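Me: Could you take a close look at one part of this model for me? I would like to follow a single helix and see what surrounds it.

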Amino acid sequence: MMPDRRRFEAFRVQLAASDDFEGWRDAARRMIRAKIAPDQVMWESPADQSADIFARGGVALPSPPTDAPQPRASKDFLQLAQSVILHSGSKRFSTLYRTLWRLQSRPRLMDDKADADVRAMEDLARQVRRDIHKMRAFVRFRSVEGEVGERYVAWFEPEHHILRANAGFFVRRFTTMQWSILTPRGSLHWDGETLHEGPPATRADAPSGDPVEGLWRTYYASIFNPARLKVGAMLKEMPRKYWKNMPEAALIPELIAGAQSREARMVQAGEQDLGETPVSIDAIGAAILACRRCDIGCNGTRAVMGEGPHDAALMIIGEQPGEQEEAQGRPFVGPAGQLLRTHLEHAGIPAERAYVTNAVKHFKFMPQGKRRLHQNPSAREIDVCRWWLEGERGLVRPRLILALGASAARSLLGRTVSVQKVRGAPHVLDDGSELWITTHPSYLLRLDDGGRSEEEARFSNDLQKVAARLSQISSG
């Protein structure tokens, strides 16, 4: 029996463009019907022609049998593939075709999140989505005078083939403007009615600045909030490589340098002297019912006081009461509280022996129909409410404090910290007590099944460290 020569031949597929999903899909359908295995195919697109120097020696695709069935592809695969095709990596085409080939024998392959090809597709798509987001966030138009009046021109350097995929967004967002977006991968030109594509450009083709940028810098400086500054997160979200095209970026080093002093002034401005410190927990409970020192206290909700032994060695501090807590007048009785108590029990910490309270005593929310959606308290609202929390601390005098989330940590430290960086380790406070910081259980409830198990394990590990330290303190 003669061997099938096609098993030893390489079939070359040349696409019309680097983001040619329709061309890739048509070729992939044809190859699946002709039973051409993934390792027999070499892909080429205008931007990838140098990626595989052997691809040019391939042979033309054969016609599939007329009775060959149509290939199967799940909706999840097709949606993901349309993002993957925009990636700049030369292996994206082969990854897509190999996954499609395997889908013919494993229709539910896309449900297997541990599969190497599925993971690769999701990773490529995630990078593309991030690049699309960056372009939408960091494109800055500059005004130039053209032959037909004012025109706005922007320069951007995408990492992937996202220019055409992003065109609709900019047309909808800037419909009334005449604009051009120039990139090394191509250009877009909108005249108010029609969108045109153009060739690649260079940075020298774009203008360097205009008078409007002074207004933009002033606006950016005015909204820069030092209390919310997390330099690492900012650089991750807005990498330095985009700064050169953003007029406000010139202000960032100076704003970061002055952030700590500005935050200290904000905290000091937020601190208030509400008179004599209450002499009992009950007195604090009565006083916060009448507190109207911030907007949350004026929103019509009932203040929720802490509860637990007044001489507890452990104080647990959350962010603020939720809807169920406000309704019952007790802290941590909703889903987050139930999850917290489960983990406390697992760690060997008796919940009834801890004093449990919140950094902010009223429920901050946004109405949406009949529902009340949780809103994070502002830095000022947290700082104003420190008066009551300090009163509780002074009366309970806990030896160990567990802060759940960034708001709770700020209420004790007077500054915003990254929970992920400081969690699971002791921080000695001015009164000699130890502060331990971890995530808020409501954060765990918001995670999907894929990420929740890992984060719950970290949360459980933090509580076990607290339990061990609590045991040492008690025995000492």
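The part I have in mind is helix α13, so please tell me what α13 lies across and which residues line the largest cavity.

Reply: Happy to walk through this with you. Please keep in mind that the model is predicted.

Let's start with the helix itself. Helix α13 covers residues 379-396. It lies across three strands, β8 (314-318), β9 and β12 (400-404), and its direction is at about 170° to that of β9.

Those strands belong to an open sheet of 5 strands, ordered β9-β8-β12-β14-β13, and the pairing in this sheet is mixed. β9 (354-358) and β13 (427-428) are the edge strands; each has a single partner strand, so one side of each has no neighbour in the sheet. At the β13 edge, strand β14 (residues 434-438) runs antiparallel to β13, and 2 bridges join them. One residue pair to pick out there is His427 with its bridge partner Leu435 in β14.

Now for the helix that packs against α13. Helix α10 (residues 281-289) has an axis that comes within 10 Å of the α13 axis, and the two cross at roughly 170°. The two helices, α10 and α13, are therefore roughly antiparallel to each other. From α10, the contact uses Ile281, Ile284, Ala287 and Ile288, while α13 supplies Trp388, Gly391, Glu392, Leu395 and Val396. By class, the residues of this contact between α10 and α13 are 7 nonpolar, 1 polar and 1 charged.

That brings us to the cavity. The structure has 1 cavity of 30 Å³ or more, and the largest cavity holds about 80 Å³ of space. Its lining is made by Ile288, Cys291, Arg293, Cys294, Gly297, Val360, Lys361, His362, Val384, Cys385 and Trp388. Helix α13 gives the most to this lining, with 3 residues. Sorted by class, the lining of the largest cavity comes to 7 nonpolar, 2 polar and 2 charged residues. Two of the names should look familiar: Ile288 and Trp388 line the cavity, and Ile288 of α10 and Trp388 of α13 also take part in the helix contact.

For completeness, here is a hairpin elsewhere in the chain. Strands β10 (residues 365-368) and β11 (residues 371-374) pair in the antiparallel sense through 4 bridges. Phe365 stands opposite His374 in β11. There are 2 residues between the strands of this hairpin, and Gly369 in the turn has a positive phi of about 65°.

Another helix pair makes a handy companion to the one above. Helix α2 (residues 75-84) packs with helix α3 (residues 92-103) at about 170°, and their axes are 10 Å apart. α2 and α3 are therefore roughly antiparallel to each other. Here Phe77, Ala81 and Val84 of α2 meet Arg92, Leu96, Thr99, Leu100 and Leu103 of α3. The residues of the α2 contact with α3 divide into 6 nonpolar, 1 polar and 1 charged.

How values were computed. Residues numbered from 1 in each chain as written. Predicted model: local features only at pLDDT ≥ 70, side-chain atom pairs only at ≥ 80, totals over all residues. Heavy atoms only, no water. 1 Å grid on protein atoms, 1.4 Å probe; cavity = no way out; pocket = protein on both sides within 12 Å on 5 of 7 lines; lining within 4 Å. Points joined across faces, edges and corners; volume = space filled by probe spheres on them. Nonpolar A, V, L, I, M, F, W, Y, C, P; charged D, E, K, R; others polar. Pairing = 2+ DSSP bridges. Contact = heavy atoms within 4.5 Å. Axes fitted to C-alpha atoms, helices over the stretch in contact; angles between N-to-C directions. Parallel < 35°, antiparallel > 145°, perpendicular 65-115°, else oblique.
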